[in-house]
Amino acid sequence: MLKGKNAIITGTRRGIGRATVETFASFGANIWACARKQDDTFEEDMRQISDRYSVSIWPVYFDVTDGGQIKEAVQSIRKQKVSIDVLVNMVGIVEDSTAFLMTSIDKMKHLFDTNFFAATLLTQYVSRLMARQSCGSIVNIASIAGLDGEPAQYEYATSKAAIVGATKHLARELASSNIRVNAVAPGMVETEMGAKIEKNLRDHMLNKVIMKRMGKPAEIANTVAFLASDYASYMTGQIIRVDGGM
């Protein structure tokens, strides 16, 4: 489904990001696997995936909250002189749950820097390169929290709502360059981030899920791969819920 395509994926060390690397590789994509810091365990994991599916995986390291590092990373990718067909803005964080009235603006700004502005800046750089190619697919990771307002605290829900709005706007603005922009909105997923949701809230949300279980990272990754592929060639500006039915 992605044979011969080259994809930049952020947040690849664990969870949905790591599952997306493996899914993309299984479908034949070459990948720039982005993480914050270099370590041998991560590089060995990427090497094993690369060998398993006979694709190229190039680890790239940068702090998504540092604009200078993002620019340098994109420049290093550009120097390889191959097409950039897909960008997946996967990286995101959730803070410990606190009530809106008790949450500082600084804490909110930090979360927005990671969940929204990092994806915005990376998209800005990469979409310029895609525009020169007159093709590309961008997949953002939103959340049901950005659509429904739960299950999350104020700053997380609003940062993901911003991703939803950005996806719809950029789909219109970049369409003339033949760049598609879509987003996946996961529900409750079995990840470290999902485990941070307070137990009573998690149980409350799971009671709303028709399938009565949390999703698996690979189930989200499969939808990301579909949106990135030519099978979704007539889809842009869409927010796809993958939530087990809520």
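Is lysine 216 buried, partly exposed or exposed, and what is its relative accessible area? In the predicted model described here, lysine 216 is partly exposed, with a relative accessible area of 42%. The side chain of this lysine meets that of glutamate 190 in a salt bridge, with a nitrogen-to-oxygen separation of 3.8 Å. Because lysine 216 lies in the loop between α8 (199-208) and α9 (217-228), whereas glutamate 190 lies in the loop between β6 (179-186) and α7 (192-195), the pair ties together parts that are 26 residues apart in sequence. Glutamate 190, at 44% relative accessibility, likewise counts as partly exposed.

Side chains of opposite charge can pair when their charged atoms come close. A search of the whole structure finds 12 salt bridges, among them the contact between glutamate 22 and arginine 52, in which the closest N and O atoms are 2.7 Å apart. This pair links distant parts of the chain, since glutamate 22 belongs to helix α1 (residues 15-26) and arginine 52 to helix α2 (residues 40-53), with their positions 30 residues apart in sequence. Arginine 52 counts as partly exposed, its relative accessibility being 43%. Both residues also take part in a network of salt bridges, in which Arg18, Glu22, Asp45 and Arg52 are linked. Another salt bridge joins the side chains of arginine 241 and aspartate 243, with a distance of 2.8 Å from N to O. The two partners fall into separate accessibility classes: arginine 241 is partly exposed, with a relative accessible area of 33%, whereas aspartate 243, at 12%, is buried, because burial is assigned under 20% relative accessible area.

Positive charge also gathers on the surface, where Lys71, Arg78, Arg128 and Arg132 form a patch. Two helices, α3 (67-78) and α4 (105-133), each supply at least two residues of this positive patch. Arginine 128, one of the members of the patch, has its place in helix α4 and counts as partly exposed, at 46% relative accessibility. Residues enter such a patch if they have over 30% relative accessible area and no salt bridge, so the value of 46% for arginine 128 satisfies the accessibility part of that requirement.

Aromatic side chains provide a further set of contacts, and the structure holds five aromatic pairs. In one of them, the rings of tryptophan 32 and tryptophan 58 have their centres 5.0 Å apart and their planes at 35°, so the pair is classed as tilted. Tryptophan 32 lies in strand β2 (residues 30-35) and tryptophan 58 in strand β3 (residues 57-61), and the pair therefore ties together parts that are 26 residues apart in sequence. Within this pair, tryptophan 32 is buried, with a relative accessible area of 0%, whereas tryptophan 58 counts as partly exposed, at 26% relative accessibility.

The rings of phenylalanine 100 and tyrosine 154 have their centres 4.6 Å apart, and their planes stand at 50°, so this pair is tilted as well. The contact links distant parts of the chain, with phenylalanine 100 in the loop between β4 (86-89) and α4, and tyrosine 154 in helix α6 (residues 154-174), the two being 54 residues apart. Phenylalanine 100 is partly exposed, with a relative accessible area of 47%, and tyrosine 154 is also partly exposed, with a relative accessible area of 41%. In addition, Phe112, Phe116 and Phe117 form one aromatic cluster.

The backbone also merits description at two loop positions. Most residues other than glycine have a negative phi. Lysine 81, although not a glycine, has a positive phi of about 55°. This lysine is found in the loop between α3 and β4 and counts as exposed, at 76% relative accessibility. Serine 134, which is not a glycine either, has a positive phi of about 60°. The loop between α4 and β5 (136-141) contains serine 134, and this residue is partly exposed, with a relative accessible area of 43%.

Terms used: Residues are numbered from 1 along each chain as its sequence is written. This is a predicted model: local features need pLDDT of at least 70, side-chain atom pairs count only at pLDDT 80 or more; totals for chains, interfaces and linings use all residues. Side-chain values use heavy atoms; hydrogens and water are left out. Patches are made of residues with over 30% relative accessible area and no salt bridge: like charges are joined within 9 Å, nonpolar side chains (Val, Leu, Ile, Met, Phe, Trp, Tyr) within 5 Å. Accessible areas come from the Shrake-Rupley method with a 1.4 Å probe; for residues, only the protein chains shown count as cover. A salt bridge is a side-chain nitrogen of Lys or Arg within 4 Å of a carboxyl oxygen of Asp or Glu. Lys and Arg count as positive and Asp and Glu as negative; His and the chain ends are not counted. The place of a charge is taken as NZ of Lys, CZ of Arg, CG of Asp or CD of Glu. Helices (H or I, at least four residues) and strands (E, at least two) are DSSP runs, numbered from the N terminus. Buried means under 20% relative accessible area, exposed over 50%, partly exposed in between (1.4 Å probe, protein chains only). Rings of Phe, Tyr and Trp (its six-membered ring) pair if their centres lie within 6.5 Å; planes under 30 degrees apart count as stacked, over 60 as edge-to-face and the rest as tilted.
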